[in-house]
Protein chains: 2
Amino acid sequence: MRVEILCTGDEILTGKTINTNYSHIARRLVELGLGVHWGTTVGDDRESLLKAFHQAGERADAVIVNGGLGPTVDDLSQEVAAQACGVELVLSDPWMARMEESYARRGRVMPPNNRKQAMLPANAELIDNPIGTACGFAVTIGKARFFFTPGVPREMRRMLDEEVLPRLLAMSGIAGVTRLKRFHTFGIGESRADQMLGDMDVFKADGGIKLGFQAHYPQLETKLALRADDEAALTALLAPAEAEVRRRLGNFIVAEDDQTIEGVILGRLLASGSTLAIAETVTGGHLAARIAPLPGAERAFRRATIARDLAELGATAVSPDQAAVVAKALRASSGASHALVVLLELDQGADRPDMGGTICIGLADAGGAVTRQARLVGGRDWVRVGTTELALDCLRRHLLGLPFDERIDFERR
Amino acid sequence: MRVEILCTGDEILTGKTINTNYSHIARRLVELGLGVHWGTTVGDDRESLLKAFHQAGERADAVIVNGGLGPTVDDLSQEVAAQACGVELVLSDPWMARMEESYARRGRVMPPNNRKQAMLPANAELIDNPIGTACGFAVTIGKARFFFTPGVPREMRRMLDEEVLPRLLAMSGIAGVTRLKRFHTFGIGESRADQMLGDMDVFKADGGIKLGFQAHYPQLETKLALRADDEAALTALLAPAEAEVRRRLGNFIVAEDDQTIEGVILGRLLASGSTLAIAETVTGGHLAARIAPLPGAERAFRRATIARDLAELGATAVSPDQAAVVAKALRASSGASHALVVLLELDQGADRPDMGGTICIGLADAGGAVTRQARLVGGRDWVRVGTTELALDCLRRHLLGLPFDERIDFERR
């Protein structure tokens, strides 16, 4: 089955808005094994829309259209869809009732121009939008089924998962329900993760789970996309696979699904009644900024000190010894149970792709201080970002009792 | 003239990579008044590429193709372009020589598969790539001129500006040279900026300058895109317009062109031999992280302290008085010439779109302390981001001797 994505709207066409809706829809299609065959972008323009609908209707079996369902005159999707189908726009009484009810519930009167959002092609199948006034709909143009979705990302995402993808799976003859399991790792690159997992039978063709990776330096996201007849079968398929992935990726897994590494750290601090103080240099606040602003951090985050001059932190050099000295002193002066110190010294000279930095991390708690030395290379920003993540990961590992100095792929020694 | 953008490659088609090349090309076309009519995305697939070339060749006058020029077998642009033109691929001796010379200069031998990058359709016009091994080229397919550009962003951007856009301008009958002037403001929204500038004659049709906006909350970018016969005419057209824009946007302009607000602040601190200390609460290091890591900041940035507990900063409440007290104390204890304090108290409860925060900023220097109180609304992250920028802007204004408490559009009182 050939699936296309058709994005509409002047903001997208002219590049004013980066088209992240396209990427999201495409990724979900790939995760479910449906794939994506073609992408089109056109503006809020009748002639282009009509031509795009007809051309996609000749090439594809299914087309996901995004945008153009708003209440204003420049939103043309329903109108041009009706034209492409050769039918009139008619008022959808059920959707009109839903919108009026939604406004009434909030004690407001529906503006008259919202009525336009309930005008659908006469032959359209209504698609629910539980969180907005733009309903979706489906019509057939040429040989393809077209699914119209709203441009507001959260409305599109929900409609895609709950309404559109199940219909596409049914069309494709792929039965059942789907799930997406995600692991976030720090310290291994995509090719190494692929080597670590790629030989698992469950990830082979017809193994039932599709394995995918998405690199967001310095983290890597490993995705397991599943399809099964029902939820019970999904769980039966996933349980052994996720246990095996956890075993193989091991300590490199910093979080799962919607968790973050900083959320895991804060959760652990709060659960154990611990408190944290931080001192950092060239990372300049980026480390503190990952933890201090979190909801709940007011109960665990004691203080961070940032300085570019080592003496300001009480250090004389970027060395493991000095990181330990500063960490112990910071723990004492702050009264926190844990003190994390990150000393970073960048190579001399102007920024360049092979600029590196020497990192010394010190972590003190009631048991004393441990240290970690590393070298990262890749330019000023790259080193700073990697250093911040390395420091967070050292703290996570320490709090969880995991090995503190496992070598990471980005590291030079 | 109708211009299309055709992006190729599986990483883009499947959404694995967000298509920022598309947005960049589209924006540049719009800035030059060429506009963009249609966007297409296809994968590394012969059949799709050939169909996409033919369909675009029927719709458009010019097509910018991005990607598929690499040395590996999945890069198909040259091959399918030759097929669409009905010609053979032939070796470009000039490009082969350029690549060999480039490798030789770095003391390396060119890998054999790079030869593929010098194979162009027999009728192609070579387009220079001064910073990579993927040359561009142009051919005619159907009624459109196709310009092939590399997928590596920095190579594409340079080739677009130096080679492709001048050719498109020449094709369109638009003569001359172009320039883009940018202003970065904080504190005014897009509609207000449009009101402030929209009536200038030079921005009207045929006024010679195209006015555009790009919102990157909390900043707004105002863009003046110019075209004139030669550089002297460009300067003559731009000089009065940019002076008038500076007059109208006034103190809200925080930086121009490639400058940043933090760069302006650091420059001013260094030029006046001043030093800076910071204390912050819920912004949690985000403020320090804008200045402390900058090259050169080691000479001006003294220290930042971050805490979630006001007492840890020596404050008893989020109030202007307390912001002044903490700022003065921080100045004394740090030895910095300037101390910036940002106290932020978020509304109670869980994060929500109408969550707000009360902000008290204190700034102490040799002359005493000044304060600024504000309220921002829009959810936890929105308030934090806006607060960070407001604090930077207060510091910028103070260092430049500008009014410290001009009301901003995002502010509630």
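A residue counts as buried here if 20 or more other C-beta atoms lie within 10 Å of its own. By that rule, 46% of the 413 residues of chain A are buried. Keep in mind as you read that this is a predicted model.

## Chain A as a whole

Let's begin with the overall picture. Chain A has twelve helices and 18 strands. Along the principal axes, its C-alpha atoms fill a box of roughly 80 × 50 × 45 Å. How much of the contact in chain A, at a separation of 6 or more, comes from residues 24 or more positions apart? Such pairs account for 67% of those contacts.

## A sheet and the helices on it

Now look for an open sheet of four strands in chain A, with the order β10-β11-β9-β12 and antiparallel pairing. β10 (209-216) and β12 (253-256) of chain A stand at the edges with a single partner strand each, so one side of each has no neighbour in the sheet. On average, neighbouring strands of this sheet are turned by 25° against each other, direction ignored.

You can follow one of these pairings in detail. Strand β9 (residues 177-186) of chain A pairs with β12(A) in the antiparallel sense over three bridges. Which residue in β12(A) is the bridge partner of F183(A)? The partner is E256(A).

Helices also lie on these strands. Helix α7 (residues 190-197) of chain A lies across β9, β10 and β11 (219-228) of chain A. Helix α9(A) packs on the sheet too, where α9(A) touches β9 and β12 of chain A. The table gathers the angles for helices in chain A.

| Helix | Partner | Angle |
|---|---|---|
| α7(A) | β10(A) | about 160° |
| α9(A) | β12(A) | about 90° |
| α9(A) | α12(A) | about 35° |

## Two helices side by side

The last row of the table deserves a visit of its own. Helix α9 (residues 261-271) of chain A and helix α12 (residues 380-400) of chain A have their axes 10 Å apart, and α9(A) passes α12(A) in a left-handed crossing. From α9(A), the residues I261(A), E262(A), V264(A), I265(A) and R268(A) take part. They meet L392(A), D393(A), L395(A), R396(A), L399(A) and L400(A) in α12(A). Sorted by class, the residues of this contact are seven nonpolar, no polar and four charged.

## How chains A and B meet

Finally, bring in chain B. Two copies of a chain are related by a rotation about an axis and a shift along it. Here, a turn of 180° and a shift of 0.1 Å along the axis lay chain A on chain B with an RMSD of 0.2 Å. That is the relation of a two-fold axis.

The contact takes 44 residues from chain A and 44 residues from chain B. On the side of chain A that touches chain B, the elements giving two or more residues are α2 (20-31), β2 (38-42), α3 (46-59), α10 (288-291) and β14 (301-306) of chain A. Which element gives the most to that side? It is α2(A), with seven residues. By class, this side of chain A has 18 nonpolar, 17 polar and nine charged residues.

Why do the copies meet through the same surface? They do so because 100% of the interface residues of chain A are also interface residues in chain B. One place to see the two chains together is at strand β2: β2(A) pairs with strand β2 (residues 38-42) of chain B in the antiparallel sense over three bridges. There, T41(A) stands opposite G39(B) in β2(B).

Conventions. Residues are numbered from 1 along each chain as its sequence is written. Chains are lettered from A and ligands numbered from 1 in the order in which they are written. This is a predicted model: local features need pLDDT of at least 70, side-chain atom pairs count only at pLDDT 80 or more; totals for chains, interfaces and linings use all residues. Copies are superposed by least squares on the C-alpha atoms of residues with pLDDT of at least 70 in both. Two residues are in contact if their C-beta atoms, placed from the backbone, lie within 7 Å. Ala, Val, Leu, Ile, Met, Phe, Trp, Tyr, Cys and Pro count as nonpolar, Asp, Glu, Lys and Arg as charged, and the others, Gly among them, as polar. Two strands pair if DSSP finds at least two bridges between them. Axes are lines fitted to C-alpha atoms, for helices over the stretch in contact, and angles run from 0 to 180 degrees between N-to-C directions. A crossing is left-handed if the near helix is turned anticlockwise from the far one by less than a right angle, and right-handed if clockwise. A residue is buried if 20 or more other C-beta atoms lie within 10 Å of its own, exposed if 12 or fewer, and partly exposed in between; C-beta atoms are placed from the backbone.
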